[in-house]
Structure formats: C-alpha cells, structure tokens
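Here's a friendly walk through a protein model with more than one chain. Keep the 3D view open and find each piece as it comes up.

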Amino acid sequence: MRPAGLNPRLYAFLLDWVVRLAVIYGVAVVAEFLGGLGTAVWLILIFLLEWFYPVAFELLPSGATPGKRVFGLKVVMDNGLPVTVAASVTRNLLRFADFLPFMYGFAIVTMLTRRDCKRLGDVAAATLVVHDSRATGRPPLQDVAPLPPVRPLTPSTQAALVALAVRAPRLTAERLDELAAMAAAVSNDAGRSGRDVTLRVLGVGHWILGRRP
Amino acid sequence: MQIDTLAVRLRPRSPLEAADLGVRLCQDAARSVYPCFAAVALPVFLLAMASVEIAQWLPTVVVWWLKPWLDRTILFVLSRAAFGQPTTLAQLWRAQGEVWWRRLWLSLSVRRLSAWRSLTDPVYQLEGLSLGLTAARVRQIRHRHVWSAMLMTQTFMLTEAALLVSLLSLLFWLAPAGQTPSVDMLLGGQSPWLAIHGIPIAYMAAVFFVEPFFVAAGFAMYLNRRAELEAWDIEQEFRRAFPR
C-alpha cells in the first residue's frame, strides 16, 4: 500500500468541496420556488452533504469520493481491507477535530509529520488513504525477437527487465545500451555491451511478457 | 551519480505521489534539516522583525522575498539525506560558497516568482551547469511537469496560509474567559498588536514548519523526473541482481 499525503488529498478535498457547493447552489435555485418547505429541504440537504457525502461514496466498491477518484486515491482500513461503515462514519465525523484550531491546523500538522500521512480522523477510525494502483493500458512494444533467459530470475528482476523493454523507446540509445549491459548475464553476454547485447536483453524482457518466437 | 547508494527506493511514480515521497524524505532527515534550517532562518527572521520600524508590512515581505535563499540550505541537507548522509552545521558552513552565494541574484530576482521553484531549484543548485546549458536542462526537467509542480507549490502556499490563520486563532481559544480580544482591537486602535507582532510571528512559524516539506516535495519530484528520464529504478534493480 502507498499512503497518500497532503498534496493529492488537498486537491481531492477541494474538488469534493466544489461538487458539494455546486449541488447546494443548484438546489437553492429550485428551493426558492417552493417557499418554506423548499428552504427546510435545502437546509437538511446541506446537513446531509456536509456529514454524509464522503461516507456514502467511501462505502461504494471504489472506496473513494469523486474528488479522490480523480486523483487516484481510495480509503481502506489499516490492513488494506475495504472501509467499514463504522470506520467511515468515524473518520468523517472527526473531520471536525481535524478542522481545529481553525482551518484544518491539526490535519495539516499530523499529515505532514506522520509517516502514514493520517489525519486525526484516520487515526481514530484506523483507516488509511492510499494511492490506488490501477492497471494501465497495454503499452506499445518494439519489434524485438523474444529470447529465453539463461538463468533463473527473481520476480523483481523480471519486472525490471519488462520495464526496460517497455520503456526502451523513451530512453536515449546510449543509456539503453548502458542499462542492458548491466543485465547482460540474462542472455549469457556478461561483460559485453553494444547494440546486439541490448537487443538480446530486451528480447528476454519480451519473453517474460509471454511473447514467443 | 551513484544510483546504488541512493537511500530512496525508486519506482515509477506520478508527480504528486513523488511529492508525498518528498514529505517522507523530509521526515526521515528532520534531525539534519531543522537544525541547519534554524541556523539560517532565525537570523533572517530576527532581521526581518527589526524592519517593522520602517513599515508594518515589511517583516512578512522580507521573509517571503528571502525564501529562495533559505531553501538553498534545506535543499543542500536533503540532497545529502537522499544518499543517507546526515549534515552538521560545520559541513553547511564549509559548503557556503556553493550553497548560499552562487548566482544568488538570480534566485532573488527573475526566479523568485517561479510557480514551480522547488522543482527546478535542484537543477540550478545541484547540477552546477553553465547558464547557457541550464535553460535547456530546466525545460527538459519540467516538461509535462509544470501543472503538477504548480499544484504542489499551491498546496504548500495554502498550507502556510491555513497554519497562519490556525495559529492566530489560538489567541481567541486561549484568551482568559471574559477577555476574548476582538479582531478590530487587534488590527487597529492604539496598539495594533496583531498587525505588528501577531501576523509576522505566526507567518514565520508557519514558514519554518512548512518550507522544508515544500523544498523536499520539489526535490522528490525532480528525482522522480530524472529517474523517469534515465530509468534509475531499473538500474537500482540491475545493480542489486547482477553485482559486478
């Protein structure tokens, strides 16, 4: 899990605030025509939005308010499980404590000084706001002949070889050759470098991705 | 650059996630960052407070204007912390020529109003390029990062403002019962205490707390951008998996 800090969370918060404000103003325009009843409904709506807008969205499968979704965040329990009703209500009611002494002073200080970037509401509810890892689209691959590795590789080394194959077009040729030379052992080229070695190392990356000759 | 001695575990990150990494870096290096920062910031703050004799608004403006100079010390400490090295005041003093005075006039004039200052400062301060090469290098580093760097700068501006208001609100929270000061009394009247002392002191306290995080966030965005350009994360893994 990758805890999310002040930067993305501030903008997620501001975006949600703008959404709430837009709804409140939109309803106010309609409520004006309905007289006293309209005003009553409008006031109840403000109360519900202020306290339960985040709860309602956090309990959806995405675990995120619209603002959090835009910035790729979600709310989870400390152990990574989906957030529970009690925890979501707790962390959102305690936003009041984070607002103290004024303008979110406590929230700022705790989020900047805690290693897990929690505000007080998160501490009380044992929740965590994390960067949501989403699969990105299939990146375009260069045309390189796949080649089986000559030695067993750990998962992290396999991931690095795949990353090299995927990011090769965005690196300079010199840097690509330099990196490939470091991993030349995978194609039995240890100690050698050059364009041919690079193509063979990239070929191993393509092999790990499942391509076969 | 000795990638394998880097104390930061690299992987592809979005720019704003890199800013979070910077906050973590600053937390871990706090024991080096805050003493060194205090050594340069406190004299500046004292000098700035003295300027209140000239005009009420001057202390705040002086501190705001000199921030790039204060940031240089923070960035120096952080750039060493990224390689796991602590920094003492003596080491800072020995490096003063490079850290404090090199092209200071540029930092305090044309670069002062940059909206992505903490992202590009590492290029100016750490890469040591000639002025001609610097411009091209800065364009490369901030390519497609301008928007996120501006958001990040804005975050810390808002944070600073919120903390300023938060600190001033303590006046009202902690005042003895029945003697809660009114805002008018503090801002105007015979002795506008709030305008002369309250706002500058609260501003400096907020700057002192927030500025290291702002510099660290920009520095981490810079590291992230270089890691992306030069595939440092892949090098880190290859050096670990295929030792020479």
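## A helix tucked away in chain B

Let's start with helix α12 of chain B, where the buried residues are B:W232, B:D233, B:I234, B:E235, B:Q236, B:E237 and B:F238. Before going on, keep in mind that this is a predicted model. Why is α12(B) said to be largely enclosed by the rest of the structure? The helix covers residues 232–241, and 7 of its 10 residues are buried, so the rest of the structure largely encloses it.

Helix α7 of chain B, residues 117–126, is another one to look for: it is mostly covered, with 9 of its 10 residues buried. The buried ones are B:R117, B:S118, B:L119, B:T120, B:D121, B:P122, B:V123, B:Y124 and B:Q125. Just after α7(B) you'll come to B:G128, which has a positive phi of about 60°.

## Chain B as a whole

Now zoom out. How many helices and strands does chain B have? There are 12 helices and 0 strands, so if you trace the chain from the N terminus, the elements simply read α-α-α-α-α-α-α-α-α-α-α-α. Taken along the principal axes, the C-alpha atoms of chain B fill a box of roughly 75 × 35 × 35 Å.

Chain B has 244 residues, and 41% of them count as buried. Look next at its contacts between residues at least 6 apart in sequence: 78% of these join residues at least 24 apart.

## Two helices side by side

Find helix α2 (residues 30–50) and helix α3 (residues 58–81) in chain B: they pack at an angle of about 165°, and their axes are 9 Å apart. That angle makes α2(B) roughly antiparallel to α3(B), because anything over 145 degrees counts that way. Their crossing is right-handed.

Which residues meet here? On the α2(B) side, they include B:V33, B:F37, B:V40, B:V44 and B:F45, while on the α3(B) side, B:V62, B:V63, B:L66 and B:L70 are among them. Sort the residues of this contact by type and you get 18 nonpolar, 2 polar and no charged.

B:M204 is a nice link to this spot. This residue is found in helix α11 of chain B, residues 193–230, and leaving out residues up to four places away in sequence, B:M204 touches B:F45 and B:V63. B:M204 and B:V44 are 160 residues apart in sequence, but their C-alpha atoms are 10.0 Å apart in space. Is B:M204 buried or exposed? With 21 other C-beta atoms within 10 Å, B:M204 is buried.

## Over to chain A

Chain A is divided into domain 1, residues 6–131, and domain 2, residues 136–213. The C-alpha centres of these two domains of chain A lie 45 Å apart.

Here's another helix pair to try: α9(A) and helix α10 of chain A (residues 195–208) pack at an angle of about 65°, with axes 9 Å apart. These two helices are therefore roughly perpendicular to each other, and their crossing is left-handed. The contact is made by A:L176, A:D177, A:A180 and A:A181 of α9(A), together with A:R195, A:V197, A:T198, A:V201 and A:L202 of α10(A). By type, that gives 6 nonpolar, 1 polar and 2 charged residues.

## Where the chains meet

How many residues of chain A are in contact with chain B? The count is 32 residues of chain A, touching 30 residues of chain B. Helices α1 (6–31), α6 (105–113), α8 (155–167) and α9 (173–182) of chain A each supply at least two residues of chain A's side. The largest share, 6 residues, comes from α8(A). Altogether, chain A's side divides into 20 nonpolar, 8 polar and 4 charged residues.

## Two residues with an unusual twist

Most residues other than glycine have a negative phi. A:C117 is not a glycine, yet its phi is positive, about 55°. You'll find A:C117 in the loop between α6 and α7 of chain A, and with 24 C-beta neighbours inside 10 Å, it counts as buried.

B:R144 also has a positive phi, near 60°, and is a residue other than glycine. B:R144 is in the loop between α8 and α9 of chain B. Having 8 other C-beta atoms within 10 Å, B:R144 is exposed.

Notes. Residues numbered from 1 in each chain as written. Chains lettered and ligands numbered in written order. Predicted model: local features only at pLDDT ≥ 70, side-chain atom pairs only at ≥ 80, totals over all residues. Buried ≥ 20, exposed ≤ 12 C-beta atoms within 10 Å, placed from the backbone. Helix = DSSP H or I, 4+ residues; strand = E, 2+ residues; numbered from the N terminus. Contact = placed C-beta atoms within 7 Å. Nonpolar A, V, L, I, M, F, W, Y, C, P; charged D, E, K, R; others polar. Domains from an automatic or database assignment. Axes fitted to C-alpha atoms, helices over the stretch in contact; angles between N-to-C directions. Parallel < 35°, antiparallel > 145°, perpendicular 65-115°, else oblique. Left-handed = near helix turned anticlockwise from the far one by under 90°.
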